[in-house]
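Work through these short exercises with the structure open beside you. Try each task before reading its solution.

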Amino acid sequence: MNAPAPSRTASRAPVAGALDDAGVFWIRFDDPERKVNVLSTEVMNLLSDLADAARQAAPRGLVFVSAKPGVFLAGADITLFEKIATPEEGRELARRGQEIFGRFASLPFPTAAAVEGVCLGGGLELALTCDWLIAASTPKTRLGLPEVQLGIIPGLGGTQRLVPRIGLPAALDLILTSRTVDARRAEKMGLADEACPLELLEKRAQAYLARGKRVRKRKWRDLAARPPLSALPLSLARKGVLAKTRGHYPAPLAAIDAVGTGLARGLAAGLAREAELFGKLAVSEVSRQLVLIFFLKERFAKPPEGARTGQAFPKGAVVGAGIMGGGIAHLLASHGMRVRLKDIAPESLGKALSVVRDLDKKLARGSVEDRLRARQRMERILPTLDNTGFDTADIVIEAVVENLGLKRRVFAELEGVVRQDAILATNTSSLPISAIASEMKNPERSVGIHFFNPVHKMPLVEVIPGEKTSAQTTRDAVAFVLAVGKVPVVVADRPGFLVNRILLPYVAEAIRCFVDGAPIRAIDAALLGFGMPMGPLELADTVGIDVGAKVSHILEEAFGERMRAPGLMADMEQRKWLGAKTGIGFYTYGSGKEKKKSPNAALDALRAAPVGAHPSGPGTPGTEEIVDRCILTMVNEAARCLAEKVVATSDELDLAMVFGTGFAPFRGGLWRYATARGLPACRARLAELATRYGSRFAPADVL
Ligand code: T1G
């Protein structure tokens, strides 16, 4: 995969420029040694020379293009960031890049970017120095500024040149969400001047040169970007960011600062501020962790050697048209697969198809293309009450209710119907794969593929080989998960697999904090403050108290007392206080669109300790205690999972926790958090908690 490029091509420069007969100066990116074009040190040096060469050539115009299909420019070389030692070094790096880009921006002749493929970060910033931006409407074309996702801000003028192009609100939206847009949307929002078919890209770019330099037309929306009016959208954005990030992520606030500086004091001051803030952020701990997560994800985003490749999974089948089955069928169809969706009850099929349709409505933004894509997707899902079409499927995913006998029967029946080389996958969250496959003639082709609910939102998928699963099936299952755009982590066939085994005792501990007198809101706020995406009690409500209790029970049978569900859960089940689905759990949920929730005050009567009126009184855990009880419970279980080889490496454990539970990404994952805190320190604190609360906190041997 990483074979060295042949020396003939290796000597080719990653970017080169030349004047053609028609008087157009073409600057073409094509790095022979990398999969994607990036702004490496070498490329920046070459661009610096090319800016001068272009000016000297005095052409009719200049066009940036890429010869690499699917990639225009993926931005700055992220591997360089860890070499930045001080904020000043970071600032100077950005200043130098800004200066080079500035020379392109000030060329006296018209310039255009002809964009096909990813055009991200510094790539888009370069395109923004051009008078014209033409984008090819291929599936790979995505434009955006994903820097804040890496804990930094655009450092090559992105916070300055985007606003005049698309207006302040749209610019803030792109920068603060890291959202990327396709060619059509880029055209609609004014980021691209035109979206065109790939075959016409270079011609259209050339045609735009004939229009001369860009003359900015004043638009009504520009008013919003002018001080003092700009103060309002900027302060709203700041408020929105603070509410969302709870102060854990400095980059979005810095981006707003840089944008605001430019609006108030002009381009030069804005660029200076941008570079200064970029430098500070580039050396921050948050950015280091987020960059680590990026590379971790990339590292495991490769199909294993020997796995089926290419379009290896054109056809799939899903058995069981529940919420999971419907969600999985939707996912497969979204990735171009034809899907048979089977259920024995026609009503279920009807329901599942309407789930798919609702998802389409939720995800689509209403454009003609979105609607067309949704229709194509629907056409790819074929409902069936029998096994019609199963004989051609490349993979069959069983998603019937969690009942061992039923799942066994489904597997045994499927075996007689499907192709010899089809993968038979089960989407179970709690049953052993080996047991489900126990009655198969060829269990080597069985495998667990555990999607999380809701399927369209949760990036992680656990791939679970059973006792008899062949290595080839596991590799193919990983390749399949990647092909449908998810993050696969291979875990052992042990109760709860990896993520639920770690998450369940965490939620249970949060419930115990409530039983011990802490208020519902205080518990959720404590863990939100730590950096979890959702409070554990709200999570319990979302998952369902009954579901949580059931999984706890399975885990308790396997691992003993430390997994026992707090008695409160049984009381709640009895009262049908099951969470969001029954409108009441730890919170009560308002009806209507707003779904406002407030703590369920009636729960106070059920807990052992007095109503949580003494937040600092004896026995009532405060914030630090709540966080330690919940988070160290996870650390302890994670340590056992590593020791038992439930997951091969701590990197994969971190990947699973970040993408399966949203565990604070700025902390780099659960295990990175534990090692940063120090394993001996974790152990000592657990021992202390054990003397106070009991043996469930007894530190795992490996700690
Ligand atoms: N720098 C270094 N390496 C990069 C890279 C980058 N910007 N982008 C990709 N790679 C590597 C990647 O690790 C992988 O390596 C290979 O290239 C791509 O493999 C100053 C500060 C572009 C959508 O955040 O989102 O500009 O693992 O073909 O799945 O303002 O990679 O193979 O050895 O499997 O098709 C902003 C990050 C930078 C873009 C391609 N840019 N990249 O996905 O990839 S900050 C980004 C991506 C910046 C300036 C600022 C994706 C991709 P390896 P692949 P893919």
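**Exercise 1. Find how much area domain 1 and domain 3 bury between them, and which residues of domain 1 lose the most.**

Solution.
- Step 1. This is a predicted model. In it, domain 1 and domain 3 bury about 630 Å² between them.
- Step 2. Carbon and sulfur atoms carry 61% of that buried area.
- Step 3. Turn to the side of domain 1. Arg246, His248 and Gln289 lose the most area to domain 3. Together they make up 71% of what that side buries.

**Exercise 2. Place the two domains in the chain and count the residues in contact.**

Solution.
- Step 1. The protein chain is divided into three parts: domain 1 (15-213 + 222-291), domain 2 (310-490) and domain 3 (499-697).
- Step 2. The C-alpha centres of domain 1 and domain 3 are 42 Å apart.
- Step 3. Now count residues with heavy atoms within 4.5 Å of the other domain. Six residues of domain 1 are in contact with nine residues of domain 3.

**Exercise 3. State how many salt bridges and polar contacts link domain 1 and domain 3.**

Solution.
- Step 1. Look for salt bridges between domain 1 and domain 3: the count is zero.
- Step 2. Look for polar contacts between domain 1 and domain 3, with both residues at pLDDT 80 or more: the count is one residue pair.
- Step 3. Sort the residues of domain 1 on the side that touches domain 3. Three are nonpolar, two are polar and one is charged.

**Exercise 4. Describe the surroundings of the ligand and its contacts with backbone atoms.**

Solution.
- Step 1. The ligand is surrounded by 26 residues. Lys35, Ala76, Gly122, Glu125 and Gly155 are the closest.
- Step 2. Take the nitrogen contact. A nitrogen atom of the ligand lies 2.8 Å from a backbone N or O atom of Ile78.
- Step 3. Take the oxygen contacts. A polar backbone atom of Gly122 is 2.8 Å from an oxygen atom of the ligand. For Gly155, a backbone N or O atom lies 2.8 Å from a ligand oxygen atom.
- Step 4. Finish with area. The ligand taken alone exposes 1,000 Å². The protein buries 75% of that.

Key. Residues are numbered from 1 along each chain as its sequence is written. This is a predicted model: local features need pLDDT of at least 70, side-chain atom pairs count only at pLDDT 80 or more; totals for chains, interfaces and linings use all residues. Side-chain values use heavy atoms; hydrogens and water are left out. Domain bounds come from an automatic or database domain assignment. Contact means heavy atoms within 4.5 Å. Buried area is the accessible area (1.4 Å probe) that two parts lose on being put together, summed over both. A salt bridge is a side-chain nitrogen of Lys or Arg within 4 Å of a carboxyl oxygen of Asp or Glu. A polar contact is a pair of N or O atoms within 3.5 Å; within protein, one must be able to donate a hydrogen and the other to accept it, and residues adjacent in sequence count only if both atoms are side-chain atoms. Ala, Val, Leu, Ile, Met, Phe, Trp, Tyr, Cys and Pro count as nonpolar, Asp, Glu, Lys and Arg as charged, and the others, Gly among them, as polar. A residue is near a molecule or strand if one of its heavy atoms lies within 4 Å of it. Accessible areas come from the Shrake-Rupley method with a 1.4 Å probe; for residues, only the protein chains shown count as cover.
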